[in-house]
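Q: Let's go through this model and ask how each label is earned. Ready to start?

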Amino acid sequence: MIPDLRVRLGELELVNPVMTAAGCAGSGRELAQFFDIARIGAVVTKSVMLEPRAGRPAPRIAETPSGMLSAVGLQGPGIEVFLQRDLPWLLSRGARAAVSVAGGGPGEYAELARRLSEAPGVAMIEVNLSSPDLARRGRHFAHDPEAAARVVRAVRAEARPDIPVFAKLSPDVPDLVGLARVCVEAGADGLAMINTVRGMAIDVDTMRPAVAGGPGGLSGPAIRPIALACVYEVHAALPEVPVIGMGGVRTGADALEFLLAGAGAVAVGTAIFHDPSACVRVLRELEQALVERGVERVASLVGAAHRAPGAAVRG
Amino acid sequence: MNDFRPVQMSSPVLTVRQVDAYHAITVVAPGIAERFRSGQFIAVAVGGEQSSMLLRRAFAIHDVKPDYGGTVEFLFAVRGRGTAWLAERRSRDLLDIIGPLGKPFPLPRDPVNCVLVGGGYGSAPLFPLAHALRRRGCRVDLVLGAASAGQVFGAITARRVAETATFTTDDGSFGVRGRVTDALGQVIEDARSDVVYACGPMPMLREVTALAARHDIPVQVSVEETMACGTGVCMSCVVPVVGGDGITRMARSCVDGPVFRGERVRFDDVGTIPFDALGAPGWKARGDEESPVREAG
């Protein structure tokens, strides 16, 4: 038996539930050296901005137990180069291109959504809300439900109606379910969670922060339980809202956990740095896990952990 | 390009040995050995399959041999948990390795005089380079430096492969007391060097580049910036590098380097985002011209 791996997140249909997490797959070319990127559900790009961006000074990354701290600062070529070079390349390889966008205000996000809607082949727009709001001294949009709603509303208004818009949420908020609800009410077709968790490490030899500038975003298996709780709680509160789960996914079993918690698809992030083939390996392991459990359709497992004990999950 | 793309493999360890103050591991990795060109590196996963250490460790390839279908040797010093784990590997253990990665040293078309400068185990990638240059009929002179005698790497091989080999140590315990740049000028003059290749810490590369400029000869440097993935996705190993168009970009050492033309690296600005770098804070796109596609990194 070969399990049916197709999933549907609202209007977003994917051949399988494994994708890359934003900012972890380069332009797609880097990973295509190791596997056929058309084989995974989608390639989520690193966050695209209107202008080229140099990012933050080095050191940008530090290793922590089962995790990694980073503060890359959204280095990227800007929308122009992305549309001319990166997007056509992804499409030419048969990849489903989901585009993460980031800006300094709702206007920039809207402009990005408009530009992406004019280009053919964008499967989904993911709104990176963990970007500094220039109007409010760099506070992240994700940390203020009103600001987040403004951004989501702006993107949804400008994006072509057939392109699903997913809001990417940060776990560093007092009321994640409330934020999720606000984003959905503002027009988000789905949610991507979680972004990195704020953290820090200090180099005891240099006696300086391990990542330039101080705190950074923690990712990797260290944050998986946090991410899983976020997905579980949001799915419980908003069971109809499609969720892409991410945060420390390293194996097929990890991906399965997220599906059971309520994610309709799963993104692999930091694990890619460790293993550039991680996405296809996770996919293979997930398929194997389904076979071992006699599950015919992966979609039947989504949210299964919420069901009463003993309830059937096979379908 | 596809012929040169890196491969990921589970490579059996052939030998682990102590070389001077360093450890050297040789693995059986035919796919990497056959693609290798001098200056390229490998990225090694450490800690085993369920490791809590997620970042790959990057090491310059020191030697490749045709034995067992192709072997690769790399050199390291124990500096943390990852390298400590590597030092404990034994023959037949498997290592998850990706390579060859990065841009190799460009080789001169003509048989010119080349001086190769290494600091500490930054000397490692210079040996395959020396062999490649010799095969092209180039004269090779080596200048190797370290803090003290124990850290000078490959002194015996250096004397064998090079026309002249000069050693410097900070404490004077071996060769000339001082830094490689204290000896390099004389070597360039004596050997009538046409080009410099250098690998080592940033401050050394900066000095070597300045010295080469004073002698009006080109210099290729291989930077030792810390990397997390080695494959170009993590964006952590960036250095400010001036492009052929005069624009500074935050270049990834792993895929845009590790070898750069010395005068293109903005050594004084390493660890910062120069204000005039493409996409730096306050940087403005010049929209009023028909500019070619530009990008950061």
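A: B:Ser10 stands opposite B:Asp96 in strand S6 of chain B. The model is predicted.

Q: What makes strand S1 of chain B and S6(B) a pair?
A: Two strands pair if there are at least two bridges between them. S1(B), residues 7-19, and S6(B) have 6 bridges, in the antiparallel sense. Therefore 6 bridges satisfy a cut-off of at least two, and the strands pair.

Q: How do you know that S1(B) and strand S2 of chain B pair?
A: The cut-off is again at least two bridges. S1(B) and S2(B), residues 22-28, have 6 bridges. They run in the antiparallel sense. B:Gln18 stands opposite B:His23 in S2(B).

Q: What lies between S1(B) and S2(B) in their hairpin?
A: The hairpin has 2 residues between the strands. B:Asp20 takes a positive phi near 55° there.

Q: Why is the bond between B:Gly99 and B:Pro100 called cis?
A: Its omega is about -10°. B:Pro100 lies in strand S6 of chain B. Most peptide bonds are trans.

Q: Which peptide bond of chain A is cis, with omega near 0°?
A: The bond from A:Ala58 to A:Pro59. A:Pro59 lies in the loop between strand S4 (43-44) and S5 of chain A.

Q: What makes the phi of A:Met207 worth a remark?
A: Phi is positive, about 60°, and A:Met207 is not a glycine. Most residues other than glycine have a negative phi. A:Met207 sits in the loop between strand S14 (202-203) and strand S15 (208-209) of chain A.

Q: Why does A:Met207 count as buried or exposed?
A: A residue is exposed if 12 or fewer other C-beta atoms lie within 10 Å of its own. A:Met207 has 7 C-beta neighbours inside 10 Å, so A:Met207 counts as exposed.

Q: Why does B:Met235 count as buried or exposed?
A: A residue is buried if 20 or more other C-beta atoms lie within 10 Å. B:Met235 has 27 C-beta neighbours inside 10 Å, so B:Met235 counts as buried. Phi of B:Met235 is positive, near 65°. The residue lies in the loop between strand S12 (219-222) and strand S13 (238-242) of chain B.

Q: How do you know that the span of helix H3 of chain A is close to what is expected?
A: H3(A), residues 106-118, has 13 residues. The expected span is 1.5 Å times one less than the number of residues. For H3(A) that gives 18 Å, and the helix reaches 19 Å from its first C-alpha to its last.

Q: Which residues of H3(A) are buried?
A: They are A:Pro106, A:Glu108, A:Tyr109, A:Ala110, A:Leu112, A:Ala113 and A:Leu116. These buried residues pack against H2, strand S7 (97-101), strand S8 (122-128) and helix H4 (145-158) of chain A.

Q: What makes S5 and S13 of chain A edge strands?
A: Each pairs on one side only. The open sheet has 4 strands in the order S5-S6-S16-S13 (chain A), with antiparallel pairing. Neighbouring strands are turned by 35° against each other on average, direction ignored.

Q: How do you know that S13(A) pairs with strand S16 of chain A?
A: A pair needs at least two bridges. S13(A) and S16(A), residues 216-219, are joined by 3 bridges and run antiparallel. A:Val197 has A:Leu218 as its bridge partner in S16(A).

Q: How many residues does each chain give to the contact between chain A and chain B?
A: Chain A gives 37 residues and chain B gives 34 residues. On the side of chain A, H2(A) brings the largest share, 4 residues. By class, that side divides into 18 nonpolar, 12 polar and 7 charged residues.

Q: Which domains does the domain assignment give for chain B?
A: Domain 1 (2-101), domain 2 (113-222) and domain 3 (226-297).

Q: How many residues of domain 1 of chain B are in contact with domain 3 of chain B?
A: 8 residues of domain 1 are in contact with 8 residues of domain 3. Strand S3 (41-44) and strand S6 (94-101) of chain B each give two or more residues to the domain 1 side. That side has 6 nonpolar, 1 polar and 1 charged residues. The centres of the two domains are 28 Å apart, taken over C-alpha atoms.

Note on methods:
Residues are numbered from 1 along each chain as its sequence is written. Chains are lettered from A and ligands numbered from 1 in the order in which they are written. This is a predicted model: local features need pLDDT of at least 70, side-chain atom pairs count only at pLDDT 80 or more; totals for chains, interfaces and linings use all residues. Domain bounds come from an automatic or database domain assignment. Two residues are in contact if their C-beta atoms, placed from the backbone, lie within 7 Å. Ala, Val, Leu, Ile, Met, Phe, Trp, Tyr, Cys and Pro count as nonpolar, Asp, Glu, Lys and Arg as charged, and the others, Gly among them, as polar. Axes are lines fitted to C-alpha atoms, for helices over the stretch in contact, and angles run from 0 to 180 degrees between N-to-C directions.
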